[in-house]
Each structure stands twice: as C-alpha cells, then as structure tokens.
Amino acid sequence: MADLVLDRLTIRYGDVTAVNDISLTVGKGEFLTFLGPSGCGKSTTLFSIAGLNHATSGTIRIGDTVLFDGQKGISVPPERRDIGLVFQSYALWPHKTVAENLAFPLKLRKLGRAERDERIREALSLVEMMPYAERYPFELSGGQQQRVALARALVYRPRLLLLDEPLSNLDAKLRERARVWLRELQERLNVTTIYVTHDQAEALAVSDRIAVMSMGHLRQLGTPREIYENPADAFVADFIGSSNFLTGSMIGEAGGRARVRLGDGTELSVLAGKASADGGLVVAVRPERIELVGGPGENAIRVEIAQGTYLGSVYQYEVTGGGSRFRIQTTRPVEGGTAFVRIPPEAAAIFAAGPDAK
Ligand SMILES: Nc1ncnc2c1ncn2[C@@H]1O[C@H](COP(=O)(O)OP(=O)(O)O)[C@@H](O)[C@H]1O
Ligand SMILES: [Mg+2]
C-alpha cells in the first residue's frame, strides 16, 4: 500500500467542528495512533477514512487514489475503499457463527466457496481462534470476540486496518496482553494501521507514531519518545504521562537556558522553551524527574510535604513549594514535614501560561 494522506481534513456537524484542518501522512506498514480525550474527534476522523461519515472539506487519499475530495465532490463508498475496521463494541452478528461472521464480507466481495473457506481458516488461525469457528458470539469471552472482530476485518486482506478503541472492553490485564499480541500480528502482516485510543499508556506501548488530538485539532505528531520527552505544548505535556506545572515568570534567556522566577521568588534555570513566554509561564516537569536533595542549592526548592502515598515501588508525595502545589516521586520515604527538591534544568520545559496551562 502507498501512504495514506489526510490533507486539511475538516468535519463539521452544525456548529461543532469535530475535526479541524488535520493533515498527516501514514506510511506503509506504519502503526499510527490517534490519541486524545473523549470527544476530541478521533472516531470521527477514523470513520471518515473508512467512508462511514462525510467529511466537510479536505482530501483523503491512498497514494494516487482519491477516497475523498471535498472540493471535487468525490467520495468513494466504504465497501470500495478496501479498509478493515474494528469497533470498540466488536459489532459481531449475534445470529451468525464465527465462521459465518467472517464469510459475510467475502460474500459481499463475491469470492467463491473454496477461496472463502481458505481465507476464513487463514484469518482465524492468525488470531488463534480456529477452534471456535462454529461458535456463536455469545459463547465467547470478550477477548475472544475482539479477536473474531479483528479476523473479520483482516479476512479480505484490506490495505488499511482501522481500530477504534478495540481493547477498551477488556479488563486491565487482558488489555495489556492483547495489545502486545495485536502489535506483533500487525508487524507480521505489515498492514498499515490506524489505532484510536484515549489511553496514553496503550498509545506509548504500541505505536510507531502518535497523533495527539484535542478539540478537533492535531496538537503533536511524533514517536512515543518524542511526544513523551519533548511535548509540543502544555496540553500534550499534561495528557501524556503526568506533568507538574509550576507557575512563574521569565527573568531572561541566554545560551539555550531560561532563568525563571517562581511564584514565591525562587529562581530556576531551565531549558529555554519553544514559547517565548514573555508574560506568565509554566514550568512543566514530571514527578519522576524531580530529585530529593539534602539542602538548598542551584535549582533547589524548599517544599512542605502535604500528603504521601506508597505506590508499591515508589513513594509519591504531594508537596507545596515555589508558590505551587506539585507531586514528586522518591524511592525512599521522606522523613519530616519539609524537604528540598531539585529540578534538573534538562528535565523541565517552559510553556506560555494560557488556556491549556494547568
Ligand atoms: N453524528 C454526529 N453528529 C453530531 N455531532 C457529532 C457526531 N459525531 C460526533 N460528533 C461530535 O464530534 C465531536 C468528536 O466526536 P468523536 O470523534 O466521537 O470523539 P472521540 O472519538 O475522540 O471520543 C464530539 O463533540 C461529538 O459530540
Ligand atoms: Mg470515539
């Protein structure tokens, strides 16, 4: 398959702009994830690629094949897009056996009996469900139903696989196993895949690249590592992993470093941000990157311990200091009501304070 290209895709429902001017390219064999909070436009984008809803403007194409072009009025019907789709709800036909569920899309494509049987065997073997071919969906567990839904999407060898929160109905342990298994299968088949989830841990674990969305906008597109370590804005920093936001103001920038004054007057030296942040700013730093130190010093903040929680492998404390409330994680317990913590300059990013700042 050639690359899938979304170009300035916009989808409106009345006054709601569900998808706002999104452009991106998904490479052959790539596993790309749309990640964002509920209602940010992930499913709407996915369904428009499948042709299940009608985009307002922009284009969708696979290589030179145009699937949708708002300006030219082109919209290829879903069954001619050659795309496999798996929904959160699985949407298996309850009155058909597993084998009959898989046969249906093949009959639609007018494949003969022998070839149908061969493809069904192949697809069920891929998802390790061959022994269940004659069962009905209600005779299967949630995890098994999800595998059948995947087999049904793969059985006609689509050029593109679209998965809309396919694991969200599984319990936590099963979900973790299923995502590893799913990723291995995707790599083996080398099928270009777009995955939708609101679960950032899942996105970080399975994706080649992640497209972070918020309110219909594409906020950042990058590898899991790029997005985690170098978030483009305060929204991404907050949504991926968890970040502390310490409010402050800029003193000045020099040599790639910024000097920042926190709310209580404490000064910090941090990596200069992408935002110029002339006015109010936030210093974003992840709890696990903050170091416990013995006393005052460069980039150290005196904190009051408000509350501690033992998380099994680390201790997490809610603290106040530098004029903000934030969280730290340590491997040993903190004795007493106050402590000093150090913010490593390379562990902090600054963003302009704005509506996204938390
Ligand atoms: N058919 C529709 N009619 C009106 N509004 C819709 C429709 N489908 C989705 N929306 C709106 O578009 C926005 C994005 O929805 P959706 O893509 O389902 O979000 P997500 O999958 O990220 O949770 C939401 O505000 C939702 O209410
Ligand atoms: Mg959705």
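In the predicted model, ligand 1 is surrounded by Tyr13, Ala18, Pro37, Ser38, Gly39, Cys40, Gly41, Lys42, Ser43 and Thr44. By residue class, this shell divides into 4 nonpolar, 5 polar and 1 charged. Among the elements of secondary structure, helix α1, which spans residues 42-50, gives the most to the shell, with 3 residues.

Polar contacts to oxygen atoms of ligand 1 involve both backbone and side-chain atoms of the protein. At Cys40, a backbone N or O atom lies 3.2 Å from an oxygen atom of the ligand. The side chain of Ser43 places an N or O atom 2.8 Å from an oxygen atom of ligand 1. For Thr44, the separation between a polar side-chain atom and an oxygen atom of ligand 1 is 2.5 Å. Ligand 1 taken alone exposes 560 Å², of which the protein buries 57%.

Thr45 is also found in helix α1, but does not appear among the residues that surround ligand 1. The relative accessible area of Thr45 is 0%, so this residue is classed as buried, the cut-off being under 20%. When residues up to four places away in sequence are not counted, Thr45 touches Leu6, Leu9, Ile11, Val19, Phe34 and Met213. Helix α1 thus holds Thr45 and also contributes 3 residues to the shell around ligand 1.

Key. Residues numbered from 1 in each chain as written. Chains lettered and ligands numbered in written order. Predicted model: local features only at pLDDT ≥ 70, side-chain atom pairs only at ≥ 80, totals over all residues. Heavy atoms only, no water. Near = heavy atom within 4 Å. Polar contact = N/O pair within 3.5 Å; in protein donor to acceptor, adjacent residues only side chain to side chain. Areas by Shrake-Rupley, 256 points an atom, 1.4 Å probe, with all protein chains shown as cover. Helix = DSSP H or I, 4+ residues; strand = E, 2+ residues; numbered from the N terminus. Nonpolar A, V, L, I, M, F, W, Y, C, P; charged D, E, K, R; others polar. Buried < 20%, exposed > 50% of the residue type's maximum accessible area, 1.4 Å probe, protein only. Contact = heavy atoms within 4.5 Å.
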